[in-house]
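Trainee: I would like to learn how to read a helix and a core in a model. Please take me through one case.

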Amino acid sequence: MTMILGGTAAAGAAERTITAEALAERLQGAQPPTVLDVRGADEYAAGHLPGAVLIPHDQVPGRLAELGPAREIVLYCRSGRRARLAGEALEGAGFEVVYLDGDYPGWAAGGRAVATGAAAGSGQD
């Protein structure tokens with residue numbers, strides 16, 4: 001797995017990030033990571049990584065059970081702020097958190113595939 005370490009978490013531990021290129025490769029593999037979009041439903045509907053699960057950042061603590069057993073989760077939002085807020089809750093629950101370098105804008109700017117439309121069960125059409 002190609003990971004790039006960058007920045008630091010509040011407690012001083014290294015923050016793990018993954019480049020869009022490395023994530024695109026991993027998504028094609030036999031065991032792709034779970035990708036979590038923590039933006040709002042309207043932002044998700046306008047464009048998101050294919051296969052990404054939508055849980056807005058402020059709902060993550062109450063919806064941890066939807067993610068199943070603790071494992072690696074790749075997080076993204078628009079600028080990184082909401083992803084880091086959600087990451088704190090996920091790390092506290094035992095998940096291994098990895099942040100997408102450049103977040104959604106970095107993914108889309110690279111000409112990679114994006115999906116549109118509401119998340120399943122979101123109540124939006």
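The dialogue below turns to helix 3 and then to the nonpolar cores.

Mentor: This is a predicted model, in which local features need pLDDT of at least 70 and side-chain atom pairs pLDDT 80 or more, while totals for chains, interfaces and linings use all residues. Residues are numbered from 1 along each chain as its sequence is written, and side-chain values use heavy atoms, leaving out hydrogens and water.

Trainee: What span should helix 3 have?

Mentor: Helices are DSSP runs of H or I, at least four residues, and strands are runs of E, at least two, numbered from the N terminus. The expected span is 1.5 Å times one less than the number of residues. For the twelve residues 81-92 that gives 16 Å, and the end C-alpha atoms are 17 Å apart, which agrees.

Trainee: Which residues of helix 3 are buried?

Mentor: Buried means under 20% relative accessible area, exposed over 50%, and partly exposed in between (1.4 Å probe, protein chains only). Arg82, Ala83, Ala86, Gly87 and Leu90 are buried. Seen down the axis, they fall within an arc of 135° (directions from the axis to the C-beta atoms), so they line one face of helix 3. The face turned away carries the exposed Arg81, Glu88 and Gly92.

Trainee: Which residues have the most contacts inside the largest nonpolar core?

Mentor: In soluble globular proteins, nonpolar side chains tend to be buried together. A nonpolar core joins buried Ala, Val, Leu, Ile, Met, Phe, Trp, Tyr and Cys residues through side-chain atoms within 4.5 Å. Here the largest has 16 residues, and Ile18, Leu23, Val35, Leu49, Val74, Tyr76 and Leu100 have the most contacts inside it. Helix 1 gives the largest share, three residues.
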